[in-house]
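Visitor: Hi, I'm new to this one. Can you walk me through what's in it?
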Amino acid sequence: MGGVKVKKPILNKVCIKNCPGCNLDENKELQTGLPIKEMLYIWTVVLCAALPISSLFPFLYFMVRDFNIAEKEEDISYYAGFVGSAYMIGRALTSVFWGVVADRYGRKPVIILGTSTVVIFNTLFGFSVNYWMAIITRFLLGFLNGLLGPIKAYALELFRDEYQALGLSAISTSWGIGLIIGPALGGYLAQPAENFPGLVSPDSLFGRFPYLLPCLCISVFALFVTIGAIWLPETLHFHKKNELESASCVIDAEDKTDEKKDSSLISLLKNWPLMSSIIVYCVFSLHDMTYTEVFSLWAVSPKSLGGLNYTTEDVGTVLSITGVGLLLFQTSLYPMAQRMFGPIGVARISGVLSIPLLTSYPYIALLSGFMLTFTLNLASIVKNVLSVSIITGTFMLQNKAVDQHQRGAANGIAMTLQSICKAIGPACGGALLSWSQKRQNATFLPGDQMIFFFLNVIEGIGVLLTFKPFLITNHY
């Protein structure tokens, strides 16, 4: 064997000593029971990446107001939209690059760099003293954080075949909870000198930088995740040419064919099952990101503009309750729903149910007291459960459409297109909400009815695209 030690083949696959991917494959074959430890790996890394994405939305309205860049109160949402989009614009520019890096050098380095980026730039965002500093720090946070594409490939590679759906569900659950806990932290911890005057002085660090505390809490969590990520197992196979030649006796004809498959970006773009699932994923992502920002801006807007006149703490409470409901659903009911209807069936049902739910939001604003609190919390839980169910299904389709050596690049393409959509979402959502709130007396869809109508149009398009001939699937 020319000095190269080749381990016993497992399921007709070559296993070479000192290859982290081969070692992981061997460990997976010996694994029994639910992969709880692996689920925690995925869950914490994705949570670290998801928390800063939307944590700013509850206090963004007040942050932009404090920058004194908007001339009128109705214009605050317009300017806030561009701060919300900066992260996604940065991510769109580099997602394919980080995917290619993950395919060449491994998933683990990209994951560690991504969590480190959260530590640095999310903290700097909390120190923002003007509008442009806020935009630049958010842009760099997205530009240098490329882990969300590779982590989906990592999840498939970390789990045995029978648990891969569970791994992808862990990603979407953690992602969804991060997009809820993040704003909850932002709502509770922003402006501590105003909300907790007995504990925080206006002259203290958190008094002078009223939006630093939630950012710093997320960054500290990200620091612990970064340290823990040092011990993450690598899943990518690193085989030298001479090792493959030496081990050729244990590679079957099917494996040889797989190794020769073209992994270029052109081949991925020609893979219609992959690209159709990515486009569907992007349409729903556009809707979800727009909704996430619009919900928080709408909730803190004054009653005179059709909002709820909530404080950041009120928004945090709603989102905390939503997070608990989402966690319970994804860990107990979603696997059952997927077995009954399949991932695409669940996505279609969820998309259709979201439309009447969103239509009811402007009427929820007419309620008050207990009925407002109860109805809003219920609507928020259901809406986020439906959104995460859709995203989980599209995750599975994307990663099943390509082989391992293409997954990093494929998810990079998905992240690029998704980031473009998510950059458009907050910018357009903030501008449309601002415009909607200026037309309170319009005849057709007055006030906030217009912004929720736009959200329903996007959701409806997403549902239509889940049907043939547009969406083609290999496995479902």
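Guide: Let's go over the make-up of the chain, a helix pair and the cysteines. This is a predicted model, where local features need pLDDT of at least 70, side-chain atom pairs count only at pLDDT 80 or more, and totals for chains, interfaces and linings use all residues. Residues are numbered from 1 along each chain as its sequence is written, and side-chain values use heavy atoms, leaving out hydrogens and water.

Visitor: How many helices and strands are there in the chain?
Guide: The chain has 21 helices and zero strands; helices (H or I, at least four residues) and strands (E, at least two) are DSSP runs, numbered from the N terminus.

Visitor: OK, what angle do α4 and α6 pack at?
Guide: About 25°, with the axes of α4 (residues 76-105) and α6 (residues 131-143) 6 Å apart. Axes are lines fitted to C-alpha atoms, for helices over the stretch in contact (heavy atoms within 4.5 Å), and angles run from 0 to 180 degrees between N-to-C directions.

Visitor: Which residues make the contact?
Guide: Among them are Tyr-79, Phe-82 and Trp-98 of α4, and Tyr-131, Ile-135 and Phe-143 of α6.

Visitor: New topic: how many disulfides does a search of the whole structure find?
Guide: Zero, counting a disulfide as a pair of cysteine sulfur atoms within 2.5 Å. Cys-282 is in no disulfide, and its nearest cysteine sulfur, that of Cys-421, is 4.6 Å away.

Visitor: Is Cys-282 buried or exposed?
Guide: Cys-282 counts as buried, at 4% relative accessibility. Buried means under 20% relative accessible area, exposed over 50%, partly exposed in between (1.4 Å probe, protein chains only). Cys-48 is buried too, at 0%.

Visitor: And how much of the chain counts as buried?
Guide: 57% of its 476 residues.
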